[in-house]
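Below is a short note on the structure, set out as numbered points. Please read it with the sequence and the model at hand.

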Amino acid sequence: MGKIPGYVRVTIGGLQEEMPVGMKVLENHWSNDSKTMKSCDSRHKILSKKTGQIKADIERHFDLI
């Protein structure tokens with residue numbers, strides 16, 4: 001199994017946009033159910049923190065609009 005790119009998907013009013021987070025994950029380290037990296041991957045905390053920061057930034061921008 002190869003590596004797959006990580007994305008953040010934003011949906012507003014039925015419109016979707018995907019943005020890469022700049023990290024790739026081994027396919028078997030990704031959970032499609034929870035849409036998160038499995039904790040068995042050593043970079044789990046790094047990616048979780050990065051996506052959390054992206055989510056906070058998106059929410060802040062949305063609030064400004």
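Which residues make up the largest nonpolar core?

1. In this predicted model, the largest nonpolar core is a group of seven residues, namely Val-8, Val-10, Val-21, Met-23, Val-25, Met-37 and Leu-47. Strand 1 and strand 2 are the elements that give two or more residues to this core, and strand 2 supplies the largest share of the core, with three residues.

2. Val-8, a member of that core, deserves a separate look. Leaving aside residues up to four places away in sequence, Val-8 touches Glu-17, Glu-18, Met-19, Val-21, Thr-51, Ile-54 and Ile-58; of these partners, Val-21 also belongs to the core.

3. Val-8 appears again at the largest pocket, where Tyr-7, Val-8, Arg-9, Trp-30 and Lys-35 are the lining residues that lie nearest the centre, out of 22 that line the pocket. The space in this pocket amounts to about 600 Å³.

4. As for the origin of that lining, strand 1 (3–12), strand 2, strand 4 and helix 1 (44–64) each contribute at least two residues. By character, the lining residues of the largest pocket comprise 11 nonpolar, six polar and five charged.

5. On confidence, the chain has a mean pLDDT of 83, with 97% of its residues at 70 or more. Among the elements, the highest mean pLDDT, 86, belongs to strand 2 (residues 15–26), whereas the lowest, 78, belongs to strand 4 (residues 36–37). Both of these strands supply residues to the lining of the largest pocket, and a reader of points 3 and 4 may wish to keep the two values in view.

Methods:
Residues numbered from 1 in each chain as written. Predicted model: local features only at pLDDT ≥ 70, side-chain atom pairs only at ≥ 80, totals over all residues. Heavy atoms only, no water. pLDDT = per-residue confidence, 0-100. 1 Å grid on protein atoms, 1.4 Å probe; cavity = no way out; pocket = protein on both sides within 12 Å on 5 of 7 lines; lining within 4 Å. Points joined across faces, edges and corners; volume = space filled by probe spheres on them. Nonpolar A, V, L, I, M, F, W, Y, C, P; charged D, E, K, R; others polar. Core = buried A, V, L, I, M, F, W, Y, C linked by side-chain atoms within 4.5 Å. Buried < 20%, exposed > 50% of the residue type's maximum accessible area, 1.4 Å probe, protein only. Contact = heavy atoms within 4.5 Å.
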